[in-house]
Amino acid sequence: NTSRLLGKTVLITGASAGIGAATAILFAKAGSNILLLARREDALKSVRDACVAAHTASGLKEGGTFAPIQLDVSDKSAIAGLWDKVPPALRDVDILVNNAGYVIGRDHVGDIPEDVVEGMFATNVLGLIAMTQLFVKHFKAKNSGHIINLGSVAGIEAYPGGSVYCATKFAVNAFTGSMLRELVNTPIRVTEVQPGMVETEFSLVRFGGDAAAAKSVYTGMQPLTGDDIAEEIVWAASRPPHVNIAQTLIFPVNQA
Ligand code: NDP
């Protein structure tokens, strides 16, 4: 039952592809309004069109306002200026989904270029923290809100060839856990969704667009889809206000 999402406004980072795009479409189907954030404007517009189609097909009167906003979460000044880019009708955000993130390569620790280290931290950790800080203020002022962070199984168990990415996701896990405890007894809910392997553009980005290398990581398994994770996010967001889904770990059946 997603009726609690009718007319709510959701902001999703990394909404131009994968989990973020699938999540946007599912919120659209549930009658929400959505701010779609990512770096690629054309891809965001395609997702906006898919949201319009999903909302129209739902037949719902509520929701249906979608705004693509080009924003790089690793750019602090862009985040500081975010409210200026948000159309007035969509300023009353109820739910923040901090989803933007990526990994590059699977190099051994000594071989990871400095810019790759810094880039992953700037997006996966510093961007997520900056967005959260902005919205904790907003949610405190309106006395309600929900922050949903995309962690990973890589934030619970480190694996070889993923040292920096794992470090970013352990950071997300620690940050989200502290925030959950700080916000206890407030109407602001905090959720961390921790997927295992999901087949999206993630692997393609990881291997610099090499489709064969990207596909090879799923050999012998049926990976999750963006829709599988979107369902988890929308489910967490649509629980009654007294229920906080703190953490969800979600794997393909072939992974443990
Ligand atoms: P995709 O590569 O398919 O999508 C990533 C999204 O993040 C894109 O929309 C991309 O858009 C956006 N993005 C990347 N960097 C930035 C940035 N600096 N500013 C704004 N947007 C950015 O990956 P997934 O959908 O799979 O990943 C989503 C989240 O899920 C990530 O946090 C990832 O770590 C996590 N995750 C993924 C797993 C997987 O196996 N796929 C497993 C566990 C967790 P654009 O390029 O247009 O900016």
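Which residue follows helix 1, and what is the sign of its phi? Gly 31 follows helix 1, and its phi is positive, near 85 degrees.

Before the exercises, some ground rules. Residues are numbered from 1 along each chain as its sequence is written. This is a predicted model, where local features need pLDDT of at least 70 and side-chain atom pairs count only at pLDDT 80 or more, while totals for chains, interfaces and linings use all residues. Helices (H or I, at least four residues) and strands (E, at least two) are DSSP runs, numbered from the N terminus.

**Exercise 1. Work out whether the length of helix 1 fits its residue count, and how buried helix 1 is.**

Step 1: take the expected span as 1.5 Å times one less than the number of residues. For the 12 residues of helix 1 that comes to 16 Å, and the end C-alpha atoms are 17 Å apart, so the two agree.

Step 2: check burial. A residue is buried if 20 or more other C-beta atoms lie within 10 Å of its own, exposed if 12 or fewer, and partly exposed in between, with C-beta atoms placed from the backbone. In helix 1, 12 of the 12 residues are buried, so the helix is largely enclosed by the rest of the structure. Among them are Gly 18, Ala 24 and Lys 29.

**Exercise 2. Describe the shell around the ligand.**

Step 1: count. A residue is near a molecule if its C-beta atom, placed from the backbone, lies within 6 Å of it. The ligand is surrounded by 31 residues, and Gly 14, Gly 18, Arg 39, Arg 40 and Gly 101 are the closest.

Step 2: assign elements. Helix 1 (18-29), helix 5 (114-142) and helix 7 (202-206) each give two or more residues to this shell. Helix 1 gives the most, with three.

Step 3: sort by class. Ala, Val, Leu, Ile, Met, Phe, Trp, Tyr, Cys and Pro count as nonpolar, Asp, Glu, Lys and Arg as charged, and the others, Gly among them, as polar. On that basis the shell has 14 nonpolar, 13 polar and four charged residues.

**Exercise 3. Find where helix 5 kinks, and say what covers its buried residues.**

Step 1: compare spans. The 29 residues of helix 5 should span 42 Å, and its end C-alpha atoms are 40 Å apart, which agrees.

Step 2: look for the bend, which at a residue is the angle between axes fitted to the seven residues ending there and the seven starting there. Helix 5 has a kink of about 40 degrees, centred on Ala 122.

Step 3: look at burial and cover. Buried residues of helix 5 include Met 120, Thr 123, Gly 127 and Phe 135. Their cover includes strand 1 (9-13), strand 4 (95-98) and helix 6 (163-182).

**Exercise 4. Identify the hubs of the largest nonpolar core.**

Step 1: a nonpolar core is a set of buried Ala, Val, Leu, Ile, Met, Phe, Trp, Tyr and Cys residues joined through C-beta atoms within 7 Å. The largest has 54 residues, and Ala 24, Ile 34 and Leu 36 touch the most other members. Helix 1 gives the most to this core, with eight residues.

Step 2: list partners. Two residues are in contact if their C-beta atoms, placed from the backbone, lie within 7 Å. Not counting residues up to four places away in sequence, Ile 34 touches Val 10, Ile 12, Ala 24, Phe 27, Ala 28, Cys 51 and Phe 66.

Step 3: don't miss the second, separate core of six residues, which includes Val 103, Met 120, Tyr 165 and Cys 166.

**Exercise 5. Say where Asn 143 and Asn 185 lie, and whether each is buried or exposed.**

Step 1: recall the background. Most residues other than glycine have a negative phi.

Step 2: take Asn 143. Its phi is positive, about 60 degrees, although it is not a glycine. Asn 143 sits in the loop between helix 5 and strand 5, and is exposed, with 9 other C-beta atoms within 10 Å.

Step 3: take Asn 185. Its phi is also positive, near 70 degrees. Asn 185 is in the loop between helix 6 and strand 6, and is exposed because 6 other C-beta atoms lie within 10 Å.
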